[in-house]
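Here is a briefing for someone meeting this structure for the first time. Please look it over before reading the points below.

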Amino acid sequence: MPRTCGTKTLVVLQDTVHKYFYMDLINSATDEEFKRRMQLYGDGYHYDNNVRDGHGETFRVLGKIIGDWDIDLYVANQRTIPAIWGSREESPDLIYWAKLGEDTPNLNRIVDIFKFTRVLVANIQTQKPGACVTRHLDDFALFKESEEKKIRILVFLENWEPGQSMCFGNTVLDYWEKGQVIYSDFEKIPHSTSNASWVSRSILAITGAISTETLQILAFNFGTVSI
Ligand SMILES: [Fe+2]
């Protein structure tokens with residue numbers, strides 16, 4: 001059903017494979033609208049704690065995925081490897097990574113939702129109780145060989161537990177739900193995570209090169225998707 005967004009007309013399309021809806025702008029003058037909708041503080045984060053960021057300013061919720069991937073997560077977490085950031089002296093950062101594979105079909109379907117032209121890396125990051133990742137910027141340097149526009153999104157694989165948190169800019173994110181998807185400009189907005197709960201926290205982090213469809217999801221969100 002068409003609807004308007006500013007002066008543009010939107011059409012709701014359905015992806016019959018993934019059963020999700022996204023918006024398509026009918027006419028071509030969309031660049032400014034996309035830019036406006038995707039604008040975070042990424043072009044120049046203020047680093048001023050007296051300026052409190054609000055939700056939606058340093059990260060955005062893109063939608064929610066409904067499905068059952070508990071077995072996939074369990075299987076993948078049997079092969080986790082610990083990783084620390086060696087560049088930071090006395091770093092307390094510790095995260096456990098696991099790659100997806102043929103034995104994680106439901107998680108693979110989640111990756112497909114975002115229509116990347118190329119998935120650069122998709123892995124599970126499990127943060128155990130007591131661990132944290134101190135404030136930092138991501139560096140997509142490993143993938144700088146191409147001119148493609150690359151982004152990173154996060155999918156929460158389990159419901160939030162009290163004591164777990166993320167911080168983007170100076171906004172704390174908590175109380176997330178299983179399947180919730182968030183986007184931030186991880187290269188330009190400082191972020192951190194911590195787990196002061198008694199329960200491990202697992203997310204799926206996907207870094208990929210964006211397509212037109214990915215851009216539409218970023219700009220207009222995707223609502224709720226069942227896999
Ligand atoms: Fe990061």
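The notes below cover the sheet, its central strands, the helices and the nonpolar core.

This is a predicted model. Its open sheet has eight strands with mixed pairing. Its largest nonpolar core holds 34 residues. Strand E9 (150-156) is among the elements that give two or more residues to this core, and E9 gives the most, with five residues.

**The sheet**

- The strand order is E5-E6-E7-E14-E9-E12-E4-E15.
- The edges are strand E5 (81-83) and strand E15 (223-226), each of which pairs on one side only.
- Neighbouring strands are turned by 30° against each other on average, direction ignored.
- Strands of a sheet pair through backbone hydrogen bonds, either parallel or antiparallel.

**Strand E14 and its partners**

- E14 spans residues 201-209. Seven of its nine residues are buried, so the strand is mostly covered.
- On one side, E14 pairs with E7 in the antiparallel sense, over nine bridges. Within this pairing, Gln127 has Arg201 of E14 as its bridge partner.
- E14 also runs antiparallel to E9, and seven bridges join the two.
- Two residue pairs can be picked out here: Ile153 stands opposite Ile206 in E14, and Ile151 stands opposite Gly208 in E14.

**Strand E9**

- E9 is mostly covered, with five of its seven residues buried.
- E9 also pairs with E12, in the antiparallel sense, over three bridges.
- In E12, Ile182 is the residue that Leu154 stands opposite.

**The helices**

- Helix H2 (residues 70-77) packs on the sheet. H2 touches strand E6 (95-99), E7 and E14, and its direction makes about 80° with that of E7.
- Helix H3 lies across E4, E7, E9, E14 and E15. H3 runs at about 45° to E14.
- Leu107, Ile110 and Ile113 are buried in H3. Seen down the axis of H3, its buried residues fall within an arc of 100°, so they line one face of the helix.
- An α-helix has 3.6 residues a turn, so residues three or four places apart point the same way.
- Lys115 follows H3 and has a positive phi, near 55°.

**The nonpolar core**

- In soluble globular proteins, nonpolar side chains tend to be buried together.
- Ile153, Val155 and Leu204 touch the most other members of the largest nonpolar core.
- The elements that give two or more residues to this core include helix H3 (105-113). Strands on that list include E4 (60-66), E7 (118-127), E10 (164-168) and E12 (180-183).
- Which residues does Val155 touch, not counting residues up to four places away in sequence? They are Ile65, Ile110, Val181, Ile203 and Leu204.
- One of these contacts, Ile110, is a buried residue of H3.

Methods. Residues numbered from 1 in each chain as written. Predicted model: local features only at pLDDT ≥ 70, side-chain atom pairs only at ≥ 80, totals over all residues. Core = buried A, V, L, I, M, F, W, Y, C linked by C-beta atoms within 7 Å. Buried ≥ 20, exposed ≤ 12 C-beta atoms within 10 Å, placed from the backbone. Helix = DSSP H or I, 4+ residues; strand = E, 2+ residues; numbered from the N terminus. Contact = placed C-beta atoms within 7 Å. Pairing = 2+ DSSP bridges. Axes fitted to C-alpha atoms, helices over the stretch in contact; angles between N-to-C directions. Arc of directions from axis to C-beta.
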